[in-house]
Amino acid sequence: MLGNLFTLDYEIHGNGEGSPYQLMVAPTDRMLEQFDRYGAKLTIMADVAEILKFKEHFEATGKDTFDYLKIEEQLKRAIATGHDVQLHIHSSYFKSKLVDGRWQQHWDEYSLADLPYQRVKEMIQTCKAYLESLLTAVDSTYRCHAFRAANWSMSPSQNIVKALIEEGINIDTSVFKYGKRNDRVKFDYTHSHSDLLPWPVDVLDVCKKDPDGELVEIPIYTELKNVWAFLTPNRVFRVFQASQHKHAKYDEPDMEEQEPAAQNNASKFSKLMSFFTDKHAWKFDFNQCTGTQLIRGLKRIDRQYGHLEKKLPVVLIGHSKIFTKINEKSLAPFLDFIASNPDKYCFAKFGDFDLQSFKEEVTS
Ligand SMILES: [Zn+2]
C-alpha cells in the first residue's frame, strides 16, 4: 500500500515580500475544499518563524496587516477536519525587520543547519510549542512530530538532527535524493539512502542510515529526469514568480568573483549545454507537475515498491503560493486516481506509519 502524503510549504515569498492572505490563506482554502471532495489529506508545513512575526505585529500594533488571525483559524480548521499541520522553519524571520511592508530577512540566520546547537534548539522549541498550544485546543492528541527545513537544508546535519531529537520530533522530511545546492545553503543529497524508503538517520549525515538513529527521514520522492520533464505551465509560473521576488543580496553580483568576459561567456555556454544534457532532480511536486505526470509517477513507484507488504509513504511537496486555478484543474485527475484505486493507494498523514518497522528493516 502506498500512502500519499501531500506536504504543503505554507509561506510568503522567501525574500519576505507578499500578502499572507493571497499566498497562504486563500489558495490553501481552495486546496482544502478540493481535497475534501476526494477524501484526500493535506499536511500543511507551516513556517512558524514567519507566522510568529505576523502575530507579533498584530499584538504590537493592534492591526492584523498580515492576516495572522485568518492563518490561525485556517490551521485550526485543517486539524478539525482531519488534515495535518507540521513544522517548517525559515530561521531568517526570527530577527527580521519590517521595512516598507516587507520582512527584511536576517541573513546571518538564513541557514538553520549552520547555526549553533543552542540557537537551533531554541528555535525548534519555540515553534513546536506554538503549534502544540494552538492545535491541542482543537484536538488534544495533536503533536508536532515532523519537520522540513527551509530550502531543504539539513546540512551540516549534526546540530539540527540532535535538536530535533531533543525536542521530541521524530520525522524529518527535507531530503530529496539527487538534490544539490551550493549557494546560500549547501547540501548534496546525491547519495542519500533512498528515493522513497524511510531510514533512521546518522546524526552526522542525514543522508546515511544508522540502525540506532532516533530521527527517521521520510524523503520527498524524486527521480532524475532531463529538463523537458520540467516544462509545465505551473513551473513556468513559479520561475516567473521567483524572478519577481528575488533575494536582495542575489541581485548584486560580487565583482571580485567575476571572471574575464571571454571566459565568462565560454563557461556560461558550457553551463547552458550541460543544463540541457544533464539529468536533474525531479521532485514529486503536486503544484508544479501535471496530474498526468503524477499518475505516471505513482505507477512507476508502484512497479518498484508496490510488492513490499508494509504501508509506504510517498511524500509529495507543494507550495500554497503557486496553487493556481490551472494547477487545481490539473491535480483533480490525480486525486481521483488515488481515490479510485484503494487496493493500491491511499491518502496519508505522517502519523499513519509504523516508524519502528522502518528501523527494523535496516537492522535485519
Ligand atoms: Zn519554505
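This report describes the zinc site, the first helix, the salt bridges, the cysteines and some backbone features of a predicted model.

**The zinc site and E11**

The zinc ion is coordinated by two OE atoms of E11 together with the NE2 atoms of H88 and H90, at distances of 2.0 to 2.8 Å. Along the sequence these donor residues follow the spacing E-x76-H-x1-H. The arrangement of the 4 donor atoms is irregular, because the angles they subtend around the zinc ion run from 51 to 136 degrees. H88 and H90 are both buried, and E11 is likewise buried, with a relative accessible area of 6%.

Besides its part in the zinc site, E11 forms a salt bridge with K321, in which the closest N and O atoms are 3.3 Å apart. E11 belongs to the loop between β1 (2–10) and α1, whereas K321 belongs to the loop between β15 and α9, so the pair ties together parts of the chain that are 310 residues apart in sequence. K321 counts as buried, since its relative accessibility is 9%.

**S320 and helix α1**

S320 is placed in the loop between β15 (312–319) and α9 (325–340), and its relative accessible area of 1% makes it a buried residue. When neighbours within four places in sequence are left aside, the contacts of S320 are L8, D9, Y10, E11, L23, M24, P27 and T28. This list includes the zinc donor E11, and it also includes L23, M24, P27 and T28, which are among the buried residues of α1.

Helix α1 itself covers residues 20–38, a run of 19 residues, and reaches 26 Å from its first C-alpha to its last, which is close to the 27 Å expected at 1.5 Å a residue. The buried residues of this helix are P20, L23, M24, V25, P27, T28, M31, L32, Q34 and F35. Just after α1, G39 adopts a positive phi of about 70 degrees.

**Salt bridges**

Side chains of opposite charge can pair when their charged atoms come close. The count for this model comes to 16 salt bridges, and three of them are set out below with the relative accessibility of each partner.

| Salt bridge | Closest N to O | Acidic partner | Basic partner |
|---|---|---|---|
| E11 and K321 | 3.3 Å | E11, 6%, buried | K321, 9%, buried |
| E122 and R119 | 2.5 Å | E122, 41%, partly exposed | R119, 18%, buried |
| E223 and K225 | 3.4 Å | E223, 10%, buried | K225, 18%, buried |

In the E223 and K225 pair, whose side chains meet at 3.4 Å from N to O, E223 is buried at 10% relative accessibility, and K225 is buried as well, with a relative accessible area of 18%. Elsewhere, salt bridges that share partners join K95, E109, R119 and E122 into one network. Two members of that network, E122 and R119, both lie in helix α4 (residues 117–135), where they are 3 residues apart, about one turn of the helix.

**Cysteines**

A disulfide is a covalent bond between the sulfur atoms of two cysteines. A search of the whole structure finds 0 disulfides, and two cysteines illustrate the distances involved. The cysteine sulfur closest to that of C144 is in C127, at 8.5 Å, which is too far for a bond, and C144 counts as buried at 1% relative accessibility. For C346 the closest cysteine sulfur is that of C289, which at 20 Å is also too far for a bond.

**Backbone features in loops**

The peptide bond joining S155 and P156 is cis, with omega at about 0 degrees, and P156 is found in the loop between β6 (146–149) and α5 (158–166). That loop between β6 and α5 also holds N151, a residue other than glycine whose phi is nevertheless positive, near 55 degrees. N151 counts as partly exposed, with a relative accessibility of 24%.

A positive phi, of about 50 degrees, is also found at D67, although D67 is not a glycine. D67 has its place in the loop between α2 (48–61) and α3 (68–80), and at 15% relative accessibility it counts as buried.

Note on methods
Residues numbered from 1 in each chain as written. Predicted model: local features only at pLDDT ≥ 70, side-chain atom pairs only at ≥ 80, totals over all residues. Heavy atoms only, no water. Helix = DSSP H or I, 4+ residues; strand = E, 2+ residues; numbered from the N terminus. Expected span 1.5 Å × (residues − 1). Buried < 20%, exposed > 50% of the residue type's maximum accessible area, 1.4 Å probe, protein only. Donors = N, O, S within 2.8 Å, 3.2 Å for Na, K, Ca; no water. Tetrahedral: all angles 85-135°; square planar, octahedral: opposite > 155°, others 65-115°. Disulfide = S-S within 2.5 Å. Contact = heavy atoms within 4.5 Å. Salt bridge = Lys/Arg side-chain N within 4 Å of Asp/Glu carboxyl O.
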